[in-house]
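The exercises below ask you to read a model residue by residue and element by element. Please work through each task with the structure open before turning to its solution.

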Amino acid sequence: MYDLIIRNGKIIDGTGSPWYYGDIAIDKGEIIKIGKLMNCRSNEEIDAKHQVVSPGFIDMHTHSDLVILDEPLIEAKVRQGITTDLLGQDGIAAAPLPKNYVSPWRKNLAGLDGTPPIDWDWTTIEEYLKKIEANKPSYNLAVLAPHGNIRMEVMGLDNRPATDEEIKKMQVVLRRSLDEGAVGLSTGLIYPPCCFAEMKELEALCEVIAEYGVPLVIHQRSEGDEILESMQELIDMMKRCGAHLHFSHLKNCGKDNWHKTPQVLKKIDNAREDGLEVTFDQYPYTAGSTMLSAILPPWAHNGGTEEMLKRLKDPDMRKVMIQEMATAFKGWDSMSKWAGWDGIVITSVESTEKQNYVGKTIEEIADIEGRKDYAGVALDLILYERNAVGMIDFVMNEESVKMILAHPAGTIGSDGLLGGEPHPRAYGSFPRILGKYVRDEKILSLENMIRRMTSQPARIIGLQDRGIIREGMAADIVIFDPNQIIDQATYENSRQYNIGIDTVIVNGQIIIQGQCAYQKPAGKVFKRSYQNIGI
């Protein structure tokens, strides 16, 4: 007698192999038997006739780090078929977090990860993971060690190069974080304090991850004007280190740069031909989303949020910021230049007074205020909200999205910010790909796309017991109708669940079934083990 049998499904096993019909028996969270199981019995059965049965999807870029401490079941994620989230992105995340930096760090993360009502009572990766476990999540979580947090622990939030001694201390903190279970290193070279680092600092940290055999997951310094140069410097660095390079949310931004997309993909191909492991994740939309303060030049963030807010009050500094935002400069991309003030939409604010600005562009907000100084309006909003402002920025084109989506080295990451009126990617990324780009536009076969949502990300972050439907593997499973699956979330109404995903199973327990969602302590917090490394 098994716990659960899924019968009559069209199984796509996550390896890229062709589909086949079969039944799946599950017991104690594990796939026990696959085949025609007519004589087997179970406590519960699901008839998956006319539906696809696949491994659970792994979201390779998420910002659920704080929300998961408040909401054990993030329904927007699991209803997409996501059974595992990868936290700790962009080099600025929840842990490690020294106690004396809790206040400025909360402000730094507010526009990215929100401000849920939680106790900030952890300091290390280990303590943070235990806190997630104590909240009994309904789906699985893994975490990257964020470069910015590591830098902050060693040398604070100052905009200066690290000394050789400080770099050695960062390597120690990184090793400790990996030993506590982190599955790789992340950085975001547009976000403070990561953007204050010299490349030799990042290279020293990558020497550590090469020893551990884990990836650098990176928001590179340029995703448009200097994207080819940015990619090449990273490829050259990683060849010296011998470590795995994984680009976060690979895209090509700004109308003047869209023609570079074939060259971007050629960079990846050439690096792989030279023997360097290069992969990436992507979300299927032409707009990005982050904190509004990402429009500011890097120097404006020096010393943390409070220092940034002081600069926003200084008329002379504001003048320089506005000029640099309009023109950009070598080594820094200007998002406001790419998108224009009519292409930046506010998704979240913290105050009650400005809630009517959510869903409006900066130009529309300026009209409400009777102003024409659009950059000034944006700076004033950051100042008023004390950095707790999220945005959507329209900077990409559809042809580039399709070209990147077709590349075999890719995985999928929603990059979903969950506060306010979020980008629709927080609710619709995975169903959108399977409905729009696989079924309707035939960018890639269903088997190959499922591989990129399951076994490929599992391999990258070292989840050896999932990502494939096979006997002995963990029972993370999604059941969906390939003829119906599609996203419903839009930029105008983003908090809408998809259609077509009928059942989501996490470690053998049904979490989503039809319209019902069940908060159960089914999730696992992954702690990668490195017992055999020779260091």
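**Exercise 1.** Find which backbone nitrogen lies 3.3 Å from a polar atom of the side chain of T347, and then describe the surroundings of T347.

Solution. The structure is a predicted model, and the distances discussed here are therefore computed from predicted positions. The backbone nitrogen in question belongs to M391, which lies 3.3 Å from a polar atom of the T347 side chain. Next, place the residue in its element: T347 is part of strand β15, which covers residues 344–348. Leaving out residues up to four places away in sequence, T347 touches V358, the run G390, M391 and I392, and also G419, G420, E421 and P422. For burial, the cut-off is under 20% relative accessible area; T347 has a relative accessible area of 4%, and so T347 is buried. Finally, take a pair that is far apart in sequence: T347 and G111 are separated by 236 residues along the chain, while their C-alpha atoms are 9.5 Å apart in space.

**Exercise 2.** Decide whether D476 is buried or exposed, and identify the side chain with which the side chain of D476 makes a polar contact.

Solution. Begin with the position of D476, which is in the loop between α17 (455–461) and β18 (477–480). Because its relative accessibility is 5%, D476 counts as buried. The polar contact of its side chain is with the side chain of R466, at 2.7 Å. R466 also appears in the wider list of residues that D476 touches, once those up to four places away in sequence are not counted; this list further includes S54, P55, G56, T83, T84 and N140, as well as I505, V506 and N507.

**Exercise 3.** For helices α9 and α10, work out how their axes are oriented and what kinds of residue make up their contact.

Solution. The axes of α9 (residues 305–313) and α10 (residues 315–327) come within 5 Å and cross at roughly 95°. Angles of 65 to 115 degrees count as roughly perpendicular, and therefore α9 is roughly perpendicular to α10. On the α9 side the residues that meet the partner helix are R311, L312 and K313, and on the α10 side they are P315, M317, R318 and M321. Sorted by kind, the residues of this contact divide into 4 nonpolar, no polar and 3 charged.

**Exercise 4.** Repeat the analysis for helices α12 and α13, asking at what angle they pack and which residues make the contact.

Solution. Helix α12 (residues 362–369) packs against helix α13 (residues 374–384) at an angle of about 90°, and their axes are 9 Å apart. It follows from this angle that α12 is roughly perpendicular to α13. The contributors from α12 are I362, E363, I365, A366 and E369, whereas α13 provides Y374, V377, A378 and L381. The contact of α12 with α13 divides into 7 nonpolar residues, no polar ones and 2 charged ones.

**Exercise 5.** Determine where the residues N387 and D415 lie, and describe the phi angle of N387 and of D415.

Solution. N387 is in the loop between α13 and β16 (390–394), and D415 is in the loop between β17 (410–412) and α15 (425–440). Phi of N387 is near 80°, a positive value in a residue other than glycine. D415, which is not a glycine, has a positive phi of about 55°. Turning to accessibility, N387 counts as buried because its value is 2%, and D415 counts as buried because its value is 4%.

**Exercise 6.** Locate the peptide bond that joins A95 and P96 and the one that joins P192 and P193, and state the geometry of each.

Solution. The bond between A95 and P96 is cis, with omega about 5°, and P96 is placed in the loop between β7 (82–87) and α2 (102–113). The bond between P192 and P193 is cis, with omega about 0°, and P193 is found in the loop between β10 (185–188) and α6 (199–212).

**Exercise 7.** Name the residues that touch the most other members of the largest nonpolar core, and list the contacts of W122.

Solution. The largest nonpolar core has 102 residues, of which W122, Y128, I295, L296, L434 and F480 touch the most other members. Setting aside neighbours within four places in sequence, W122 is in contact with L66, L69, A94, A95, L97, E127, Y128 and K131. A second, separate core of 44 residues includes L185, I235, L265 and A409.

Conventions: Residues numbered from 1 in each chain as written. Predicted model: local features only at pLDDT ≥ 70, side-chain atom pairs only at ≥ 80, totals over all residues. Heavy atoms only, no water. Core = buried A, V, L, I, M, F, W, Y, C linked by side-chain atoms within 4.5 Å. Buried < 20%, exposed > 50% of the residue type's maximum accessible area, 1.4 Å probe, protein only. Contact = heavy atoms within 4.5 Å. Helix = DSSP H or I, 4+ residues; strand = E, 2+ residues; numbered from the N terminus. Polar contact = N/O pair within 3.5 Å; in protein donor to acceptor, adjacent residues only side chain to side chain. Axes fitted to C-alpha atoms, helices over the stretch in contact; angles between N-to-C directions. Parallel < 35°, antiparallel > 145°, perpendicular 65-115°, else oblique. Nonpolar A, V, L, I, M, F, W, Y, C, P; charged D, E, K, R; others polar.
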